[in-house]
Amino acid sequence: MLSDQLKTKVSVGHVRIGLLTSVEIQEVFLQDQAGDTLVYAGGIEARITDWFIFKNKPVLHYLGVRNTYVHLRRRDSAVWNYAFIEDAFISPSKKPKDTTNGKPFEFDLDKFQLKNGRVCVEDVWVGADLRLVRGFLLA
């Protein structure tokens, strides 16, 4: 389970999968190792090319994120509060295997939509903070 591997709380409220073309994930929550909210998303929705498994370059027609809060924090060291995610999946003594066979995975993103998003970046180590609140963004 992902919570066990990350050694923190991870939860997903509900997942809906359409016939190989769409997925919606509701109430996604990830806690950092200090017990604070790292990421919360009320909903994440993606729509991909029909029969993408037979295409060389799948097209992500739509990626939507709503009611989202992201809190990135770096306190008294150069380590961010999300560094544990990478550490949980990559061993420093082992190099990741090259599985691309010389050809990187590619995809196109047609449309990105953010509704009610907040991002908070607290960098105590450098002494800089950033707060971004966006009611609606379409790109």
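Biologist: Let's start with C120: which residue stands opposite C120 in β7?

Modeller: A caveat before we dig in: this is a predicted model, where local features need pLDDT of at least 70, side-chain atom pairs count only at pLDDT 80 or more, and totals for chains, interfaces and linings use all residues. Residues are numbered from 1 along each chain as its sequence is written, and side-chain values use heavy atoms, with hydrogens and water left out. As for β7, the residue standing opposite C120 there is R131.

Biologist: And how many bridges join β6 to β7?

Modeller: Strand β6 covers residues 112-123 and strand β7 covers residues 128-138; a strand here is a DSSP E run of at least two residues, a helix an H or I run of at least four, both numbered from the N terminus. Strands pair if DSSP finds at least two bridges between them. These two run antiparallel, and the bridges joining them number ten.

Biologist: Which residue in that hairpin takes a positive phi?

Modeller: The hairpin of β6 and β7 has four residues between the strands. The positive phi there is near 90 degrees, and the residue that takes it is G127.

Biologist: Zooming out, in what order do the elements run from the N terminus?

Modeller: You've got two helices and seven strands to place. Reading from the N terminus on, the order is α-β-β-β-β-α-β-β-β.

Biologist: Now A46: is it buried or exposed?

Modeller: A46 sits in strand β3, residues 37-48. Its relative accessible area is 17%, and buried means under 20%, exposed over 50%, partly exposed in between, using a 1.4 Å probe and protein chains only. So A46 counts as buried.

Biologist: Which residues is A46 in contact with, leaving aside its neighbours within four places in sequence?

Modeller: Contact means heavy atoms within 4.5 Å. With those neighbours set aside, the partners of A46 are T21, S22, V23, L60, Y62 and L63.

Biologist: What separates the C-alpha atoms of A46 and I17?

Modeller: Along the chain, A46 and I17 are 29 residues apart. In space, their C-alpha atoms are separated by 9.8 Å.

Biologist: Back to the whole protein: what share of its residues is buried?

Modeller: A46 is one buried residue we've already met. The protein has 139 residues, and the buried share is 27%.

Biologist: And what share of the contacts joins residues at least 24 apart?

Modeller: The pool here is contacts between residues at least 6 apart in sequence. Of those, the share joining residues at least 24 apart is 51%.
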